[in-house]
Amino acid sequence: MSNVLPTQHQEPTGFAEKFKADAKDRLQSFRSGFRLGELSGSLGDLGTLLPIMLSLAITGQVDLTASLIFGGLWNILTGLAFRMPMCVQPMKSIAAIALTNHMSMGSVMGAGMGVSGVVMILGLTRTIHYVQKYTPMSIIRGIQLGTAVSFGGKAADLVNQAKSFWGDSWTWNNNYEWAVLSFIIVFIFYYRSKRIPTAMILFSIGLIIAFIKLYTDPPAKAVYPKIGVYTVSVTVPTWEEFKHGFVTASLGQIPLTCLNSVIALAALAQDLFPERPAGTPAIAVSVGMMNLVGCFFGSIPFCHGSGGLAAQYRFGARTEVSIIILGLLKIFVGLFFGSSLSGLIGVYPSAILGVMLFVSGIELGAVARTVNDGVLSDQKRHANFIVMIVTASMLVGFKNDGIGFLGGVVASLCFYVGGRWAGEMDDDANAEEIIDQGNAGATTAIRGANVEHEQDISLRKVTPETDSQNSLEPSQLDQAHKSAARP
């Protein structure tokens, strides 16, 4: 018999060996990632990106060329760094406040820099890691669920910009019919997105509609795509603009970025890609770097987000290849078409974008089903569910992630203190006792009924003529069971 032991796989130890193994693994990922599903998945987050970016570009609060070029650059770099379809999306709270308060470009840039500076410090000092470590999973799932519901509301707003099914206000290019058709396409192929590129199909339909609309029935002062070489310029906010942007917009964006763009995103990445976990410090530093560079050139303030990752995953993205392709496309379009694309984006059907955003919310909200994974206590499972609902409800109701987070923390602490000092929940204990008594009574009744039924069968064997008088009918068994089970 041979005494040779089987050779075991050894992990590479030296720097050169690790670099070679990593390069080989990345090359294999690139080869497997070039498929329609990845390309389709890269377009999954356009329902969030396009409306916000266009709104700020039209008002001159961000530079469209810089937003496209730097957005593409961050897509490529974060894809290579995290090795997953890490989304790059606008900071929604800053965008909303900027549009409402008519902030200048310098103030918007200052707001983005302020948020990124704070988040980057939290990442470099690993403080964000401790926030994640001591935040209950029920609160994180509540933030994800609340964000999903908010996405549904924003999606409805986009669809409602379309015209009705009929009437004088109906338009062929943006109507409810396109929304219904997009909805049907998505859900027919919902679980086949790796093979059927639904996002790419919807995006292509919308692009064709936009081209036809722009060149056959253009709006007033239409801007047509024009090929050329578009460059960016340096934008340095003054101290007054920075202070105004930080106080007005940054303070509301910081909790949103920390909770949804870092902590909730890390949890979702762990769910979707357990073999490639993304740490909260690394994500926080990534958010900081994006805006501390891009905002000096007029780019829209960017962040990551759990909703964007969920959308890209649902539409077929599984590797970093999807967002690297998207990044290259953004850079190409930004360099050679730049701000001239604003007219085309402006007539893109909002009905289709709304459906894509709606699906993003559904996929993000679906992870809330795992809030009680691994929890065995019924009381703890119930408490987790309540905390999740409290967090989501307050987030949606007050339209603020920070308030939702605080509501969840207070509810969770109250449950903890109550369980620590006041003992078990009386109502649950009584309910369990009643159920146990009911089950015991039902079992006794069933046993008695079965005994009577067996005796009746014995009698029938001796005196078959009395069968109709002594037999115990199934309805009587059911009645005995119900009577005994009733407390």
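Start by selecting V186, F189, Y190, S193, T198, R314 and F315: together they line the second largest cavity in this predicted model. The space inside comes to about 30 Å³. Colour the lining by class and you should get 4 nonpolar, 2 polar and 1 charged residues.

How many cavities of 30 Å³ or more does a search of the whole structure find? The count is 2, so next stop is the largest one, with about 40 Å³ of space. Select S42, D45, L46, L49, N75, V88, Q312, L326 and K330 to see its lining. Helix 3 (46-58) and helix 14 (321-336) are worth showing as cartoons here, since each supplies at least two of these lining residues. By class, this lining splits into 4 nonpolar, 3 polar and 2 charged.

Now over to the surface. Pick F165, W166, V180, F183, I184, F187, I188 and F358, and you have a nonpolar patch of about 770 Å². Helix 9 (residues 176-188) gives the largest share of the patch, 5 residues. Click on F183, which lies in that helix. Is F183 buried or partly exposed? With a relative accessible area of 37%, F183 is partly exposed.

Last leg: salt bridges, of which there are 6. Three of them make good stops.

- **R83 and E320.** Show both side chains and look for the salt bridge at 3.5 Å, N to O. R83 sits in the loop between helix 4 (64-82) and strand 1 (89-90), and E320 in the loop between helix 13 (306-314) and helix 14, so this pair ties together parts that are 237 residues apart in sequence. You may need to hide the surface, as both R83 and E320 are buried.

- **D271 and R141.** Here the closest N and O atoms of the salt bridge are 2.7 Å apart. This is another link between distant parts of the chain: D271 belongs to helix 11 (residues 239-272) and R141 to helix 8 (residues 137-160), 130 residues away. Check the two ends separately: D271 is partly exposed at 36% relative accessibility, whereas R141 is buried at 4%.

- **E240 and K243.** Stay on helix 11 for this one. The two side chains meet in a salt bridge at 3.7 Å, N to O. Why are E240 and K243 separated by about one helical turn? Because they are 3 residues apart in helix 11. Finish by clicking on K243, which is partly exposed with a relative accessible area of 38%.

Methods
Residues numbered from 1 in each chain as written. Predicted model: local features only at pLDDT ≥ 70, side-chain atom pairs only at ≥ 80, totals over all residues. Heavy atoms only, no water. Patch = residues over 30% accessible without salt bridge, like charges linked within 9 Å, V, L, I, M, F, W, Y side chains within 5 Å. Areas by Shrake-Rupley, 256 points an atom, 1.4 Å probe, with all protein chains shown as cover. Salt bridge = Lys/Arg side-chain N within 4 Å of Asp/Glu carboxyl O. Helix = DSSP H or I, 4+ residues; strand = E, 2+ residues; numbered from the N terminus. Buried < 20%, exposed > 50% of the residue type's maximum accessible area, 1.4 Å probe, protein only. 1 Å grid on protein atoms, 1.4 Å probe; cavity = no way out; pocket = protein on both sides within 12 Å on 5 of 7 lines; lining within 4 Å. Points joined across faces, edges and corners; volume = space filled by probe spheres on them. Nonpolar A, V, L, I, M, F, W, Y, C, P; charged D, E, K, R; others polar.
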